[in-house]
Amino acid sequence: MKWRPIPFLLFIFLLPILHGLASGYAAVVLPQEYNSDTVSLELIHRHSPQVMGRPKTRLQRLKELVHSDSLRQLMILHKLRGGQILRRKAREAFSSSRVSNDAIEVPLHPAADYGIGQYFVTFRVGTPSQKFMLVADTGSDLTWMSCKYHCRSRNCFNRHARRIRHRRVFHANLSSSFKTIPCLTDMCKLELMNLFSLTSCPTPITPCAYDYRYSDGSTAQGFFANETVTVRSRRGRKMRLHDVLIGCSESFQGQSFQAADGVMGLGYSKYSFAIKAAEKFGGKFSYCLVDHLSHKNVSNYLTFGSSRSKDALSNNMTYTELVLGMASTFYAVNVMGISIGGEMLRIPFEVWDVKGAGGTILDSGSSLTFLTEPAYQPVMAALRVSLLKFRKVEMEIGPLQYCFNSTGFEENLVPRLAFHFVDGAKFEPPVKSYVISAADGVRCLGFVSVAWPGTSVIGNIMQQNHLWEFDLHRNKLGFAPSTCTRV
(Lines give C-alpha, C1' and ligand atoms only; values in the text may rest on other atoms or scores of the structure.)
Protein backbone atom coordinates (compact mmCIF):
# COMPACT_ATOMS: atom_id res chain seq x y z
CA MET A 1 0.00 0.00 0.00
CA LYS A 2 1.55 3.33 -1.07
CA TRP A 3 0.98 6.98 -0.28
CA ARG A 4 1.40 9.47 -3.06
CA PRO A 5 0.97 13.25 -3.19
CA ILE A 6 -2.19 14.55 -4.86
CA PRO A 7 -4.09 17.85 -4.97
CA PHE A 8 -6.45 18.09 -2.02
CA LEU A 9 -8.03 20.11 0.76
CA LEU A 10 -9.09 18.21 3.86
CA PHE A 11 -11.49 19.57 6.44
CA ILE A 12 -13.01 17.45 9.21
CA PHE A 13 -15.32 18.03 12.17
CA LEU A 14 -15.54 15.68 15.13
CA LEU A 15 -18.99 14.86 16.49
CA PRO A 16 -21.00 12.52 18.61
CA ILE A 17 -23.63 10.39 16.84
CA LEU A 18 -26.32 7.93 17.70
CA HIS A 19 -24.38 4.92 16.47
CA GLY A 20 -25.87 1.64 15.29
CA LEU A 21 -26.06 -1.52 17.29
CA ALA A 22 -23.23 -3.30 15.51
CA SER A 23 -20.22 -4.69 17.37
CA GLY A 24 -16.91 -5.41 15.65
CA TYR A 25 -14.69 -7.96 17.36
CA ALA A 26 -12.10 -8.79 14.72
CA ALA A 27 -8.59 -8.54 16.13
CA VAL A 28 -6.90 -5.24 15.33
CA VAL A 29 -3.43 -5.53 13.78
CA LEU A 30 -1.10 -2.55 13.93
CA PRO A 31 2.42 -2.27 12.48
CA GLN A 32 5.49 -1.54 14.59
CA GLU A 33 7.04 1.17 12.41
CA TYR A 34 5.17 4.35 11.58
CA ASN A 35 5.32 7.51 9.54
CA SER A 36 6.74 10.36 11.63
CA ASP A 37 4.50 13.05 10.12
CA THR A 38 0.95 13.81 11.26
CA VAL A 39 -2.47 14.18 9.66
CA SER A 40 -5.05 16.47 11.21
CA LEU A 41 -8.73 17.01 10.52
CA GLU A 42 -10.51 20.15 11.61
CA LEU A 43 -12.83 19.69 14.57
CA ILE A 44 -15.86 21.97 14.58
CA HIS A 45 -17.97 22.17 17.71
CA ARG A 46 -21.71 21.82 17.31
CA HIS A 47 -22.41 25.34 18.66
CA SER A 48 -20.15 27.15 16.23
CA PRO A 49 -21.63 30.16 14.44
CA GLN A 50 -20.21 28.60 11.26
CA VAL A 51 -22.82 25.87 11.16
CA MET A 52 -25.47 26.78 13.69
CA GLY A 53 -27.72 28.62 11.30
CA ARG A 54 -30.61 30.10 13.24
CA PRO A 55 -29.38 30.58 16.82
CA LYS A 56 -30.97 28.59 19.62
CA THR A 57 -31.06 29.47 23.28
CA ARG A 58 -28.70 27.75 25.66
CA LEU A 59 -31.64 25.96 27.25
CA GLN A 60 -32.93 24.71 23.89
CA ARG A 61 -29.49 23.35 23.03
CA LEU A 62 -29.12 21.60 26.36
CA LYS A 63 -32.57 20.00 26.15
CA GLU A 64 -31.77 18.66 22.70
CA LEU A 65 -28.42 17.31 23.86
CA VAL A 66 -30.06 15.57 26.80
CA HIS A 67 -32.63 14.00 24.48
CA SER A 68 -29.88 12.86 22.13
CA ASP A 69 -27.90 11.43 25.05
CA SER A 70 -30.89 9.39 26.21
CA LEU A 71 -31.15 7.74 22.81
CA ARG A 72 -27.42 7.18 22.66
CA GLN A 73 -27.41 5.40 26.00
CA LEU A 74 -29.85 2.89 24.54
CA MET A 75 -27.36 2.27 21.73
CA ILE A 76 -24.48 1.83 24.18
CA LEU A 77 -26.55 -0.55 26.31
CA HIS A 78 -27.52 -2.71 23.31
CA LYS A 79 -24.00 -2.71 21.94
CA LEU A 80 -22.41 -3.67 25.26
CA ARG A 81 -24.99 -6.37 25.91
CA GLY A 82 -24.16 -7.87 22.56
CA GLY A 83 -20.52 -7.68 23.55
CA GLN A 84 -21.18 -9.65 26.73
CA ILE A 85 -22.17 -12.61 24.57
CA LEU A 86 -19.18 -12.41 22.25
CA ARG A 87 -16.78 -10.52 24.52
CA ARG A 88 -13.16 -11.43 24.28
CA LYS A 89 -9.90 -9.57 24.54
CA ALA A 90 -8.64 -8.11 21.30
CA ARG A 91 -5.28 -9.77 20.69
CA GLU A 92 -2.80 -7.19 19.49
CA ALA A 93 -0.71 -8.56 16.64
CA PHE A 94 1.95 -6.19 15.36
CA SER A 95 3.44 -6.79 11.93
CA SER A 96 6.89 -5.63 10.88
CA SER A 97 5.66 -3.94 7.72
CA ARG A 98 7.06 -0.51 7.08
CA VAL A 99 4.68 2.45 7.20
CA SER A 100 4.74 6.18 6.50
CA ASN A 101 6.30 8.65 8.93
CA ASP A 102 3.78 11.33 8.08
CA ALA A 103 0.79 12.21 10.24
CA ILE A 104 -2.58 13.76 9.55
CA GLU A 105 -4.42 16.47 11.44
CA VAL A 106 -7.94 17.96 11.37
CA PRO A 107 -8.90 21.43 12.74
CA LEU A 108 -11.67 21.91 15.39
CA HIS A 109 -14.08 24.84 15.62
CA PRO A 110 -17.00 25.49 17.96
CA ALA A 111 -19.94 24.34 15.78
CA ALA A 112 -23.66 24.09 15.38
CA ASP A 113 -26.20 22.17 17.34
CA TYR A 114 -28.35 20.07 15.03
CA GLY A 115 -30.35 18.61 17.89
CA ILE A 116 -28.28 15.45 18.29
CA GLY A 117 -25.15 16.76 19.97
CA GLN A 118 -22.75 16.02 17.17
CA TYR A 119 -19.29 17.08 16.10
CA PHE A 120 -18.78 17.17 12.36
CA VAL A 121 -15.91 16.29 10.03
CA THR A 122 -15.60 16.93 6.34
CA PHE A 123 -13.28 14.76 4.33
CA ARG A 124 -12.64 13.69 0.77
CA VAL A 125 -13.17 10.23 -0.68
CA GLY A 126 -12.85 8.75 -4.17
CA THR A 127 -10.72 9.44 -7.26
CA PRO A 128 -11.12 12.24 -8.08
CA SER A 129 -12.06 13.10 -4.51
CA GLN A 130 -15.55 14.19 -3.45
CA LYS A 131 -16.11 16.14 -0.23
CA PHE A 132 -18.59 15.25 2.53
CA MET A 133 -19.57 16.31 6.03
CA LEU A 134 -19.63 13.32 8.35
CA VAL A 135 -20.33 12.65 11.99
CA ALA A 136 -17.02 11.60 13.60
CA ASP A 137 -17.74 9.18 16.42
CA THR A 138 -15.58 7.03 18.69
CA GLY A 139 -18.59 4.75 19.18
CA SER A 140 -19.02 3.96 15.48
CA ASP A 141 -17.10 1.32 13.53
CA LEU A 142 -18.05 1.89 9.89
CA THR A 143 -17.41 5.01 7.82
CA TRP A 144 -20.27 5.58 5.41
CA MET A 145 -21.89 8.35 3.41
CA SER A 146 -24.97 8.89 1.25
CA CYS A 147 -24.13 7.29 -2.06
CA LYS A 148 -25.33 6.45 -5.56
CA TYR A 149 -23.87 3.67 -7.70
CA HIS A 150 -24.37 2.89 -11.41
CA CYS A 151 -25.76 6.38 -11.85
CA ARG A 152 -24.88 8.13 -15.10
CA SER A 153 -25.37 11.73 -14.03
CA ARG A 154 -25.16 13.83 -10.89
CA ASN A 155 -28.89 14.43 -11.10
CA CYS A 156 -29.73 10.74 -10.87
CA PHE A 157 -31.96 10.08 -7.85
CA ASN A 158 -34.39 7.33 -7.01
CA ARG A 159 -37.23 7.48 -4.54
CA HIS A 160 -34.87 6.83 -1.63
CA ALA A 161 -32.50 9.57 -2.71
CA ARG A 162 -35.31 12.10 -2.56
CA ARG A 163 -35.14 11.80 1.22
CA ILE A 164 -31.51 12.97 1.14
CA ARG A 165 -31.55 15.32 -1.84
CA HIS A 166 -30.53 18.28 0.33
CA ARG A 167 -27.28 16.53 1.27
CA ARG A 168 -24.15 15.73 -0.69
CA VAL A 169 -24.20 12.32 -2.38
CA PHE A 170 -21.12 10.26 -3.24
CA HIS A 171 -21.32 9.30 -6.92
CA ALA A 172 -19.42 6.03 -6.81
CA ASN A 173 -19.53 5.52 -10.57
CA LEU A 174 -17.44 8.68 -10.99
CA SER A 175 -14.62 7.29 -8.84
CA SER A 176 -11.95 5.15 -10.50
CA SER A 177 -10.82 3.75 -7.12
CA PHE A 178 -14.26 2.48 -5.99
CA LYS A 179 -14.20 -1.32 -5.50
CA THR A 180 -17.20 -3.22 -4.16
CA ILE A 181 -16.89 -6.18 -1.77
CA PRO A 182 -18.53 -9.24 -3.43
CA CYS A 183 -21.21 -10.91 -1.33
CA LEU A 184 -19.74 -14.40 -1.83
CA THR A 185 -16.43 -13.56 -0.13
CA ASP A 186 -15.50 -14.62 3.42
CA MET A 187 -15.02 -10.96 4.19
CA CYS A 188 -18.71 -10.34 3.55
CA LYS A 189 -20.03 -13.53 5.12
CA LEU A 190 -17.80 -13.56 8.21
CA GLU A 191 -15.68 -10.45 8.84
CA LEU A 192 -18.42 -7.91 8.12
CA MET A 193 -21.14 -9.81 9.96
CA ASN A 194 -20.75 -7.55 12.99
CA LEU A 195 -21.30 -4.53 10.73
CA PHE A 196 -24.75 -5.83 9.75
CA SER A 197 -23.81 -7.44 6.45
CA LEU A 198 -26.76 -9.26 4.87
CA THR A 199 -26.83 -12.90 3.80
CA SER A 200 -28.56 -12.17 0.49
CA CYS A 201 -26.26 -13.03 -2.42
CA PRO A 202 -28.13 -13.43 -5.73
CA THR A 203 -24.89 -13.59 -7.77
CA PRO A 204 -21.24 -14.10 -6.74
CA ILE A 205 -20.31 -10.54 -7.71
CA THR A 206 -23.31 -8.79 -6.14
CA PRO A 207 -21.98 -6.18 -3.67
CA CYS A 208 -22.06 -7.15 0.01
CA ALA A 209 -25.08 -5.33 1.45
CA TYR A 210 -25.80 -3.99 4.95
CA ASP A 211 -28.84 -2.77 6.84
CA TYR A 212 -28.05 -0.62 9.90
CA ARG A 213 -30.84 -0.20 12.43
CA TYR A 214 -30.16 2.55 14.95
CA SER A 215 -31.60 2.68 18.46
CA ASP A 216 -33.70 5.78 17.74
CA GLY A 217 -35.34 4.16 14.71
CA SER A 218 -32.94 5.65 12.16
CA THR A 219 -31.80 3.34 9.38
CA ALA A 220 -29.08 3.15 6.75
CA GLN A 221 -29.06 0.64 3.90
CA GLY A 222 -26.35 0.15 1.33
CA PHE A 223 -23.32 -1.95 0.48
CA PHE A 224 -19.63 -2.17 1.36
CA ALA A 225 -16.72 -1.08 -0.80
CA ASN A 226 -13.03 -0.20 -0.59
CA GLU A 227 -12.14 3.37 -1.48
CA THR A 228 -9.37 5.96 -1.40
CA VAL A 229 -9.47 8.74 1.19
CA THR A 230 -7.55 11.98 0.64
CA VAL A 231 -5.70 13.60 3.54
CA ARG A 232 -3.12 16.34 4.11
CA SER A 233 -0.14 15.83 6.39
CA ARG A 234 1.12 18.32 8.94
CA ARG A 235 4.05 18.95 6.60
CA GLY A 236 1.59 20.04 3.95
CA ARG A 237 1.80 16.92 1.79
CA LYS A 238 -1.43 15.80 0.14
CA MET A 239 -1.82 12.04 0.36
CA ARG A 240 -4.09 9.14 -0.42
CA LEU A 241 -5.00 6.39 1.99
CA HIS A 242 -5.99 3.38 -0.11
CA ASP A 243 -8.40 0.51 0.52
CA VAL A 244 -10.42 2.15 3.27
CA LEU A 245 -13.62 0.22 3.94
CA ILE A 246 -16.64 2.48 3.44
CA GLY A 247 -20.37 2.04 3.32
CA CYS A 248 -22.21 3.27 0.26
CA SER A 249 -25.59 4.12 1.83
CA GLU A 250 -28.18 4.38 -0.92
CA SER A 251 -30.94 5.05 1.59
CA PHE A 252 -30.95 6.45 5.09
CA GLN A 253 -33.46 8.26 7.22
CA GLY A 254 -34.06 9.35 10.79
CA GLN A 255 -33.09 11.96 13.34
CA SER A 256 -29.58 10.55 13.77
CA PHE A 257 -28.43 12.00 10.47
CA GLN A 258 -29.80 15.52 10.44
CA ALA A 259 -27.38 17.85 8.66
CA ALA A 260 -24.81 15.09 8.07
CA ASP A 261 -23.87 13.18 4.93
CA GLY A 262 -22.87 10.11 6.90
CA VAL A 263 -20.61 8.83 9.69
CA MET A 264 -16.87 8.57 10.26
CA GLY A 265 -16.22 5.49 12.38
CA LEU A 266 -13.51 6.00 15.02
CA GLY A 267 -14.26 2.96 17.20
CA TYR A 268 -11.71 0.28 18.07
CA SER A 269 -12.64 -1.99 15.19
CA LYS A 270 -10.53 -3.55 12.46
CA TYR A 271 -12.32 -1.62 9.73
CA SER A 272 -12.79 1.77 11.40
CA PHE A 273 -11.14 4.87 9.95
CA ALA A 274 -9.26 5.40 13.24
CA ILE A 275 -7.53 2.04 12.91
CA LYS A 276 -6.83 2.52 9.20
CA ALA A 277 -5.14 5.87 9.82
CA ALA A 278 -3.35 4.59 12.92
CA GLU A 279 -1.77 1.85 10.80
CA LYS A 280 0.21 4.58 9.06
CA PHE A 281 0.59 7.32 11.63
CA GLY A 282 2.12 6.30 14.93
CA GLY A 283 -0.60 3.90 16.04
CA LYS A 284 -2.41 6.75 17.76
CA PHE A 285 -4.93 9.53 17.37
CA SER A 286 -5.81 12.51 19.53
CA TYR A 287 -8.37 15.27 19.85
CA CYS A 288 -9.06 18.33 21.93
CA LEU A 289 -12.65 19.51 22.39
CA VAL A 290 -13.33 23.22 22.77
CA ASP A 291 -15.77 24.58 25.34
CA HIS A 292 -19.30 23.66 24.22
CA LEU A 293 -20.49 27.19 25.09
CA SER A 294 -17.77 28.92 23.11
CA HIS A 295 -18.89 31.11 20.23
CA LYS A 296 -15.39 32.25 19.35
CA ASN A 297 -13.77 31.33 16.07
CA VAL A 298 -11.27 29.01 17.70
CA SER A 299 -10.17 25.73 16.22
CA ASN A 300 -8.33 22.54 16.95
CA TYR A 301 -7.76 19.21 15.30
CA LEU A 302 -8.47 15.53 15.32
CA THR A 303 -4.94 14.26 14.74
CA PHE A 304 -3.57 10.95 13.54
CA GLY A 305 0.07 10.63 14.55
CA SER A 306 2.03 12.89 16.88
CA SER A 307 0.05 16.00 17.77
CA ARG A 308 1.80 19.35 17.96
CA SER A 309 -0.45 20.19 20.89
CA LYS A 310 0.73 17.00 22.61
CA ASP A 311 4.35 17.93 21.95
CA ALA A 312 3.77 21.33 23.57
CA LEU A 313 2.00 19.75 26.55
CA SER A 314 4.36 16.79 26.96
CA ASN A 315 5.50 17.85 30.43
CA ASN A 316 1.87 17.97 31.62
CA MET A 317 0.63 14.75 30.03
CA THR A 318 -0.75 12.07 32.35
CA TYR A 319 -1.07 8.48 31.15
CA THR A 320 -3.29 5.60 32.15
CA GLU A 321 -4.17 2.23 30.66
CA LEU A 322 -6.46 2.27 27.63
CA VAL A 323 -8.59 -0.87 27.81
CA LEU A 324 -9.24 -2.17 24.31
CA GLY A 325 -11.52 -4.98 23.21
CA MET A 326 -13.27 -5.41 26.58
CA ALA A 327 -16.23 -3.03 26.15
CA SER A 328 -17.28 -3.82 22.61
CA THR A 329 -15.46 -1.35 20.32
CA PHE A 330 -15.60 1.51 22.85
CA TYR A 331 -12.49 2.93 24.53
CA ALA A 332 -12.56 1.90 28.19
CA VAL A 333 -10.47 2.97 31.20
CA ASN A 334 -9.78 1.38 34.58
CA VAL A 335 -11.32 3.82 37.06
CA MET A 336 -10.64 3.14 40.74
CA GLY A 337 -12.93 5.78 42.21
CA ILE A 338 -14.07 9.42 42.34
CA SER A 339 -12.99 12.02 44.88
CA ILE A 340 -14.63 15.34 45.68
CA GLY A 341 -12.67 17.93 47.58
CA GLY A 342 -9.84 15.44 47.97
CA GLU A 343 -11.97 12.80 49.72
CA MET A 344 -12.67 9.48 48.04
CA LEU A 345 -16.36 8.65 47.84
CA ARG A 346 -17.72 5.32 49.04
CA ILE A 347 -18.39 3.62 45.72
CA PRO A 348 -18.14 -0.18 45.35
CA PHE A 349 -15.18 -1.19 43.17
CA GLU A 350 -17.50 -3.46 41.15
CA VAL A 351 -18.96 -0.30 39.62
CA TRP A 352 -15.67 0.29 37.78
CA ASP A 353 -14.78 -3.31 36.88
CA VAL A 354 -14.81 -3.50 33.08
CA LYS A 355 -14.24 -7.27 33.25
CA GLY A 356 -17.38 -7.67 35.34
CA ALA A 357 -20.76 -5.96 35.28
CA GLY A 358 -19.41 -2.39 35.35
CA GLY A 359 -16.69 -0.35 33.71
CA THR A 360 -16.19 3.13 32.27
CA ILE A 361 -15.83 4.31 28.67
CA LEU A 362 -14.85 7.61 27.06
CA ASP A 363 -17.44 8.55 24.45
CA SER A 364 -17.24 11.52 22.11
CA GLY A 365 -20.85 10.87 21.16
CA SER A 366 -22.37 11.47 24.61
CA SER A 367 -22.52 15.07 25.80
CA LEU A 368 -23.19 14.52 29.52
CA THR A 369 -21.48 12.09 31.90
CA PHE A 370 -23.45 9.00 32.90
CA LEU A 371 -22.81 7.21 36.19
CA THR A 372 -24.40 4.00 37.38
CA GLU A 373 -26.56 4.42 40.49
CA PRO A 374 -23.95 3.32 43.08
CA ALA A 375 -21.64 6.09 41.80
CA TYR A 376 -24.27 8.66 40.83
CA GLN A 377 -25.89 8.97 44.25
CA PRO A 378 -22.72 9.72 46.30
CA VAL A 379 -21.39 12.11 43.64
CA MET A 380 -24.62 14.11 43.55
CA ALA A 381 -24.93 14.13 47.33
CA ALA A 382 -21.37 15.43 47.79
CA LEU A 383 -21.77 18.20 45.20
CA ARG A 384 -25.19 19.32 46.45
CA VAL A 385 -23.71 20.16 49.87
CA SER A 386 -21.74 23.05 48.37
CA LEU A 387 -24.83 24.38 46.59
CA LEU A 388 -27.34 24.46 49.46
CA LYS A 389 -27.36 28.25 49.66
CA PHE A 390 -28.56 28.49 46.06
CA ARG A 391 -32.25 28.08 45.35
CA LYS A 392 -33.11 24.87 43.52
CA VAL A 393 -34.85 25.41 40.18
CA GLU A 394 -37.16 22.99 38.37
CA MET A 395 -36.09 23.11 34.72
CA GLU A 396 -37.61 19.94 33.22
CA ILE A 397 -34.43 19.05 31.35
CA GLY A 398 -34.95 15.35 30.97
CA PRO A 399 -32.93 13.31 33.45
CA LEU A 400 -30.93 16.26 34.85
CA GLN A 401 -32.12 16.20 38.46
CA TYR A 402 -30.44 19.17 40.11
CA CYS A 403 -30.49 22.72 38.74
CA PHE A 404 -30.15 25.92 40.75
CA ASN A 405 -30.32 29.71 40.53
CA SER A 406 -26.70 30.63 39.91
CA THR A 407 -26.92 34.31 40.86
CA GLY A 408 -23.78 34.94 42.89
CA PHE A 409 -22.32 31.54 42.02
CA GLU A 410 -18.56 31.20 41.67
CA GLU A 411 -16.81 28.02 40.59
CA ASN A 412 -14.40 28.13 43.52
CA LEU A 413 -17.37 27.43 45.82
CA VAL A 414 -17.55 23.88 44.44
CA PRO A 415 -15.01 21.29 45.63
CA ARG A 416 -12.99 19.80 42.78
CA LEU A 417 -14.07 16.44 41.42
CA ALA A 418 -11.47 13.95 40.18
CA PHE A 419 -11.53 10.55 38.51
CA HIS A 420 -8.84 8.25 39.93
CA PHE A 421 -7.44 5.39 37.86
CA VAL A 422 -6.15 2.05 39.10
CA ASP A 423 -2.58 2.85 38.04
CA GLY A 424 -2.48 6.09 40.05
CA ALA A 425 -3.35 8.56 37.30
CA LYS A 426 -5.91 11.29 38.06
CA PHE A 427 -8.20 13.30 35.79
CA GLU A 428 -9.47 16.55 37.32
CA PRO A 429 -11.84 18.36 34.95
CA PRO A 430 -12.70 22.06 35.39
CA VAL A 431 -15.81 22.81 37.45
CA LYS A 432 -17.65 24.15 34.39
CA SER A 433 -17.53 20.63 32.91
CA TYR A 434 -19.82 19.20 35.61
CA VAL A 435 -21.63 22.29 36.94
CA ILE A 436 -22.86 23.30 33.53
CA SER A 437 -24.63 26.44 32.38
CA ALA A 438 -28.21 25.65 31.36
CA ALA A 439 -29.66 29.13 30.84
CA ASP A 440 -29.04 32.70 31.97
CA GLY A 441 -28.81 32.54 35.74
CA VAL A 442 -29.24 28.75 35.91
CA ARG A 443 -26.73 25.95 36.30
CA CYS A 444 -27.18 22.19 36.59
CA LEU A 445 -25.10 19.29 37.80
CA GLY A 446 -24.14 17.58 34.56
CA PHE A 447 -24.52 13.95 35.61
CA VAL A 448 -27.17 11.44 34.57
CA SER A 449 -28.02 8.23 36.39
CA VAL A 450 -28.00 4.86 34.65
CA ALA A 451 -29.13 1.56 36.08
CA TRP A 452 -26.82 -0.85 37.81
CA PRO A 453 -25.36 -3.15 36.61
CA GLY A 454 -24.18 -1.05 33.72
CA THR A 455 -21.40 1.03 32.21
CA SER A 456 -20.49 4.59 33.19
CA VAL A 457 -19.71 7.05 30.40
CA ILE A 458 -17.39 10.07 30.48
CA GLY A 459 -19.04 12.35 27.95
CA ASN A 460 -17.60 15.05 25.72
CA ILE A 461 -18.47 18.00 27.98
CA MET A 462 -16.42 16.39 30.77
CA GLN A 463 -13.60 15.85 28.27
CA GLN A 464 -13.53 19.48 27.11
CA ASN A 465 -10.48 21.68 27.54
CA HIS A 466 -8.22 18.64 27.62
CA LEU A 467 -6.08 17.01 24.96
CA TRP A 468 -6.81 13.26 24.70
CA GLU A 469 -4.35 10.92 23.03
CA PHE A 470 -5.39 7.33 22.24
CA ASP A 471 -2.23 5.23 21.81
CA LEU A 472 -3.56 2.03 20.25
CA HIS A 473 -0.11 0.49 19.94
CA ARG A 474 0.80 0.75 23.62
CA ASN A 475 -2.72 0.61 25.07
CA LYS A 476 -2.26 3.99 26.74
CA LEU A 477 -4.54 6.98 27.16
CA GLY A 478 -2.80 10.32 27.62
CA PHE A 479 -4.48 13.54 28.72
CA ALA A 480 -3.51 17.08 29.72
CA PRO A 481 -5.33 20.36 30.37
CA SER A 482 -5.42 22.52 27.25
CA THR A 483 -7.18 25.56 25.84
CA CYS A 484 -7.69 23.47 22.68
CA THR A 485 -6.32 26.15 20.42
CA ARG A 486 -3.85 25.02 17.83
CA VAL A 487 -0.17 25.28 18.80
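What share of the 487 residues in the protein is buried? In this predicted model, buried residues make up 61% of the chain. The fold contains seven helices and 31 strands. Among contacts with a separation of 6 or more, 78% are between residues 24 or more positions apart. The accessible surface of the protein amounts to about 18700 Å², and carbon and sulfur atoms account for 51% of that area.

Strand 30 is a good place to begin a closer look. This strand covers residues 466-471, and six of its six residues are buried. His-466, Trp-468 and Phe-470 point one way from the strand, while Leu-467, Glu-469 and Asp-471 point the other way. Residues on both faces of strand 30 are buried, Glu-469 and Asp-471 included. Strand 30 has pairing partners to trace as well. Strand 14 (residues 284-288) runs antiparallel to strand 30 and is joined to it by five bridges; within this pairing, Tyr-287 has Trp-468 as its bridge partner. Strand 31 (residues 476-481) also pairs with strand 30 in the antiparallel sense, here over six bridges, and Asp-471 is matched with Lys-476. Strands 30 and 31 form a hairpin with four residues between them, and Asn-475 in the turn has a positive phi of about 55 degrees.

A second region to visit is an open sheet of four strands, arranged in the order 19-18-24-25 with antiparallel pairing. Its edges are strand 19 (343-344) and strand 25 (426-427), each of which pairs on one side only. Strand 18 (residues 335-340) is connected to strand 19 by two bridges, and Ser-339 has Met-344 of strand 19 as its bridge partner. Met-344 also appears at the surface: together with Met-336, Phe-349 and Val-422, Met-344 makes a nonpolar patch of about 370 Å². Val-422 sits in the loop between strand 24 (417-421) and strand 25. With a relative accessibility of 47%, Val-422 counts as partly exposed.

On the other side of strand 25 in sequence, the loop leading to strand 26 (435-439) holds Ser-433. Is Ser-433 buried or exposed? Ser-433 counts as buried because its relative accessibility is 3%, below the 20% cut-off. The Ser-433 side chain reaches the backbone oxygen of Ile-461 at 3.2 Å. Leaving aside residues up to four places away in sequence, Ser-433 touches Ile-461, Met-462 and Gln-464.

Charged pairs complete the picture. Side chains of opposite charge can pair when their charged atoms come close. A search of the whole structure finds eight salt bridges. One of them joins Lys-270 to Glu-191, with the closest N and O atoms 3.2 Å apart. This pair links distant parts of the chain, 79 residues apart: Lys-270 lies in the loop between strand 13 (262-265) and helix 4 (273-278), and Glu-191 belongs to helix 3 (residues 186-191). Lys-270 is partly exposed, with a relative accessible area of 35%, and Glu-191 is partly exposed with a value of 35%.

Another salt bridge connects Glu-411 and Arg-443, whose closest N and O atoms are 3.7 Å apart. Here the chain separation is 32 residues, with Glu-411 in the loop between strand 23 (403-405) and strand 24, and Arg-443 in strand 27 (residues 442-445). Glu-411 is partly exposed at 32% relative accessible area. Lys-276 and Glu-279 also form a salt bridge, with the closest N and O atoms 4.0 Å apart. Lys-276 is buried, its relative accessible area being 14%.

Notes:
Residues numbered from 1 in each chain as written. Predicted model: local features only at pLDDT ≥ 70, side-chain atom pairs only at ≥ 80, totals over all residues. Heavy atoms only, no water. Pairing = 2+ DSSP bridges. Buried < 20%, exposed > 50% of the residue type's maximum accessible area, 1.4 Å probe, protein only. Contact = heavy atoms within 4.5 Å. Areas by Shrake-Rupley, 256 points an atom, 1.4 Å probe, with all protein chains shown as cover. Patch = residues over 30% accessible without salt bridge, like charges linked within 9 Å, V, L, I, M, F, W, Y side chains within 5 Å. Salt bridge = Lys/Arg side-chain N within 4 Å of Asp/Glu carboxyl O. Polar contact = N/O pair within 3.5 Å; in protein donor to acceptor, adjacent residues only side chain to side chain.
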